[in-house]
Amino acid sequence: MGLIEALDLIGTFVFALSGALAGANQRFDAFGAFVIAFVTAVGGGTLRDMMIGQTPVAWMNDTRYIYLILVALLCSYFFKRYVLKLRMTLFLFDAIGIGLFTILGVQKTLDMGLSPVVAVMMGTVSAVFGGVIRDVLCNIPPLIFRKEIYATACIVGGIIYLALTPVMPESLAMTITIVSIIVFRLFAVKKKWALPVIE
Amino acid sequence: MGLIEALDLIGTFVFALSGALAGANQRFDAFGAFVIAFVTAVGGGTLRDMMIGQTPVAWMNDTRYIYLILVALLCSYFFKRYVLKLRMTLFLFDAIGIGLFTILGVQKTLDMGLSPVVAVMMGTVSAVFGGVIRDVLCNIPPLIFRKEIYATACIVGGIIYLALTPVMPESLAMTITIVSIIVFRLFAVKKKWALPVIE
Amino acid sequence: MGLIEALDLIGTFVFALSGALAGANQRFDAFGAFVIAFVTAVGGGTLRDMMIGQTPVAWMNDTRYIYLILVALLCSYFFKRYVLKLRMTLFLFDAIGIGLFTILGVQKTLDMGLSPVVAVMMGTVSAVFGGVIRDVLCNIPPLIFRKEIYATACIVGGIIYLALTPVMPESLAMTITIVSIIVFRLFAVKKKWALPVIE
């Protein structure tokens, strides 16, 4: 298993974990929590694949994702207290996750022959729209439409990746992009950065 | 018209009827109630078809579904009191409906060459996600994420069907699956079975 | 640029403007307001394309839509007070927009070989489901399920267009359809027409 594959699976796991806990917060039962964990983890990529026409959607061709999300659900049941203590670790892997998902979404969209601006949008959708669908199913307004810079980190990351990838080795461009997103996220949370609101 | 086709149309009709009444509960007008009836009846299959890439989605190739849903809407307008009295009949046909929709979703997904676990998931999506979309459009948290075992009946039914279909005639496997789902549903409601919630 | 193309872009712009303001009403930040502007403007066509299987969805092949929506977002930030004064103009272009989007949706669906009744439904989805997705993301019940005749104008317009297009030049059929929708909308709002609700 390569590093990218490992990070992809870890990112999926961390997303699913946070989704399962979000479902539990709504007092959803095990089925509901599984659906929320699932859409949080793979909903963004699923929406991207349906929009660009890459069907059956990605996770259907690799059942490991399904089992991984089931394991995350079980972890949220049996180790909830422990999971909640890992906040900083989860934050880090969440940032790595959105970075990687952005890049993979950008690549997939470019491979379809679509334009770079669409690719950045689809990269962002891959990374953050699982959370939007999660919030819609939990019947709350999507967090990322209000909270600290989250989607913006993906947009910036996607642009950085597009700028770097023609002038350096792929692995270096990916590393710089992901590190940028992590740093960006850390600053955004620490400094309470926020986008303007229309007044 | 074969038995399966008849049950499919009756299931669609019953789903549409319950959808129209759910729309009325929200004080939606005739257009809103039609949309809710429509997504309740065919929304699950539509989502499945978009995810597995079988487009145009199924109902577009058979306009009988559209007229059937319109008739269900009219029935909910003119015979609402009578419809509400048929609770046990509707419960039965709803259970037959989710059983049949699960099986048809499983079959369609397997026909695409996707794995059995994905097939059970898509069978369940076919049967219950119309109700999820209905609830999202009604701006309430999806009922099946909280209520008695409903989606679980489909998952269990899908697994039973997958286990039986290689070792017996198709029609017998389908009958046993649908009867199992009905019995499962009856017990779940009578005994107030519930899935655990993450504490 | 032809007249249809110009009206299409103006319609998109007006939809995006109203979406950005709807996002602002929810206190969403710039990213959230952009998403709401985007789905309001192109969400209906995106859903139609995913359902009929015309992917990548339309706007991905013409980046002008993306930039236009960004400009609409900026206008809502810097000229909000001025925009709100243009109510009558916006109402007019909104009516032209739903008329044109209905026709384009009907045409695209017929071109796929689907039936006229499906075409009218997909025309209506193109015109009004962007607003439905906007409301879902804003966590409010879809306005058009309750309010004055809005979707009905599209359904009527779609039927008029289907009836006229075989017996007269295309441009005349389109003009009559759009004018009918505008007149229909004006009367609906003035006379407070409403569809019945199931009691």
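Me: Hi! Where in chain A is the place of A:Tyr82?
Reply: Hello! This is a predicted model, and in it A:Tyr82 sits in helix H4 of chain A, which covers residues 80-85.

Me: Thanks. Is A:Tyr82 buried or exposed, and why?
Reply: A:Tyr82 counts as exposed because its relative accessibility is 54%, and the cut-off for exposed is over 50%.

Me: Which residues make a nonpolar surface patch with A:Tyr82?
Reply: A:Leu74, A:Phe78, A:Phe79 and A:Leu86 join A:Tyr82 in that patch, and its area is about 570 Å².

Me: Changing topic to the two chains: how many residues are in contact?
Reply: Chain B brings 31 residues, in contact with 32 residues of chain A.

Me: And what area is buried between chain B and chain A?
Reply: About 2,600 Å², with carbon and sulfur atoms giving 72% of that area.

Me: Which three residues of chain B supply more of its buried area than any other three?
Reply: Those are B:Met51, B:Phe145 and B:Ile198, supplying 29% of the area that chain B buries against chain A.

Me: OK, polar side of things. How many salt bridges are there between chain B and chain A?
Reply: The count is zero. Six residue pairs are in polar contact across the interface, though, with both residues at pLDDT 80 or more.

Me: Which elements of chain B give two or more residues to the side that touches chain A?
Reply: In chain B, they are helix H2 (30-52), helix H6 (116-137) and helix H7 (151-164).

Me: Which one gives the largest share?
Reply: H6(B) does, with nine residues on the side of chain B that touches chain A.

Conventions: Residues numbered from 1 in each chain as written. Chains lettered and ligands numbered in written order. Predicted model: local features only at pLDDT ≥ 70, side-chain atom pairs only at ≥ 80, totals over all residues. Heavy atoms only, no water. Patch = residues over 30% accessible without salt bridge, like charges linked within 9 Å, V, L, I, M, F, W, Y side chains within 5 Å. Areas by Shrake-Rupley, 256 points an atom, 1.4 Å probe, with all protein chains shown as cover. Salt bridge = Lys/Arg side-chain N within 4 Å of Asp/Glu carboxyl O. Helix = DSSP H or I, 4+ residues; strand = E, 2+ residues; numbered from the N terminus. Buried < 20%, exposed > 50% of the residue type's maximum accessible area, 1.4 Å probe, protein only. Contact = heavy atoms within 4.5 Å. Buried area = accessible area lost by both parts, 1.4 Å probe. Polar contact = N/O pair within 3.5 Å; in protein donor to acceptor, adjacent residues only side chain to side chain.
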